[in-house]
Each structure stands twice: as C-alpha cells, then as structure tokens.
Amino acid sequence: MAMSVVRSGFQSAIRRGGRSSVPTKRNFSSSAHHDDAHEAAKWEKISYAGIVGCTAFAVWTLSKGHPHGEEQPAYPYMRIRNKEFPWGPDGLFEVKSHDH
C-alpha cells in the first residue's frame, strides 16, 4: 500500500517534469460540459408539459361522478339546540331551506 502511494507520487512528478509550474484554469464541475440556456429551455418545456398533464388529469378526475351516501335518518336527539345561534336557526355551515 505504501509503495503504491510512493510510486504514484514519483509518476506524477515525472509527468510534471517538462511542464511549467503555471496553474491551469480550473472549471467548476457544474459548468464543465453543458449550456445554461439549453438547460433552462429543457426545464421550461418539462414544466409546460407537467402543467398540461396535471390540468388534464384534474379535469378528467373531477368530471367523473362520485357516489353519494345514503341520507341519514333524522334522529330526534341529534342537533339539540337550547337557544338560537347569533347567525340564525341553522348551524354555521348548514344550509337548509326554511318555509316562512
């Protein structure tokens, strides 16, 4: 193990022997081989396709009917109110037609 480390060090020193010690320009790995404009255009197309696909799925899902449960029997002990609510005789989210 130690011999391989020493050997690789010698080999790299031999390779650098004929070159000058001027550091070369190093690129970041994210900008090495791709174009940002091309990448942005690709994700724009993917976004539009996703919007169209999700919209089509929502329209298809919401256009189908859904089953309704059976009407609950009117039990006399349910919804007992001893005094009227400030907003009227029904609960806040109940909508009933009253014949006045």
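**A guided reading of the predicted model**

The protein contains two helices and zero strands. The structure shown is a predicted model, and the account below moves from the chain as a whole to particular residues.

Of the 100 residues in the protein, 3% are buried. The area that the protein exposes comes to about 10,300 Å², and carbon and sulfur atoms supply 61% of this area.

Attention may now turn to helix α2, which spans residues 36-63. Both K42 and E39 belong to this helix. They are three residues apart, a spacing of about one turn of the helix. Their side chains meet in a salt bridge, with a distance of 3.3 Å from N to O. A search of the whole structure finds one salt bridge. How exposed are the two partners? K42 has a relative accessible area of 35% and is therefore partly exposed. E39 is also classed as partly exposed, because its relative accessibility is 26%; the class covers values between the limit of 20% for buried residues and that of 50% for exposed ones.

The segment after α2 includes I80. With a relative accessibility of 60%, I80 counts as exposed, because exposed residues are those over 50%. I80 also takes part in a nonpolar patch on the surface, together with Y75, Y77 and M78. The accessible area of these residues together is about 450 Å².

Two members of that patch, Y75 and M78, also appear in the lining of the largest pocket. Rolling a probe the size of a water molecule over the atoms shows where empty space is left. In the largest pocket, this space amounts to about 190 Å³. Which residues line the largest pocket? The lining consists of E71, Q72, P73, A74, Y75, M78, R79 and K96. By character, the lining residues divide into four nonpolar, one polar and three charged. P73, A74, Y75 and M78 are the nonpolar residues of the lining, Q72 is the polar one, and E71, R79 and K96 are the charged ones.

Y75 and M78 thus link two parts of this description: they belong to the nonpolar surface patch, and they help to line the largest pocket.

Conventions: Residues are numbered from 1 along each chain as its sequence is written. This is a predicted model: local features need pLDDT of at least 70, side-chain atom pairs count only at pLDDT 80 or more; totals for chains, interfaces and linings use all residues. Side-chain values use heavy atoms; hydrogens and water are left out. On a 1 Å grid over the protein atoms alone, a cavity is a set of points where a 1.4 Å probe fits but cannot get out, and a pocket is an open set with protein on both sides within 12 Å along at least five of seven lines; lining residues have an atom within 4 Å of a point. Grid points are joined across faces, edges and corners, and a volume is the space filled by probe spheres set on the points. Patches are made of residues with over 30% relative accessible area and no salt bridge: like charges are joined within 9 Å, nonpolar side chains (Val, Leu, Ile, Met, Phe, Trp, Tyr) within 5 Å. Accessible areas come from the Shrake-Rupley method with a 1.4 Å probe; for residues, only the protein chains shown count as cover. A salt bridge is a side-chain nitrogen of Lys or Arg within 4 Å of a carboxyl oxygen of Asp or Glu. Helices (H or I, at least four residues) and strands (E, at least two) are DSSP runs, numbered from the N terminus. Buried means under 20% relative accessible area, exposed over 50%, partly exposed in between (1.4 Å probe, protein chains only).
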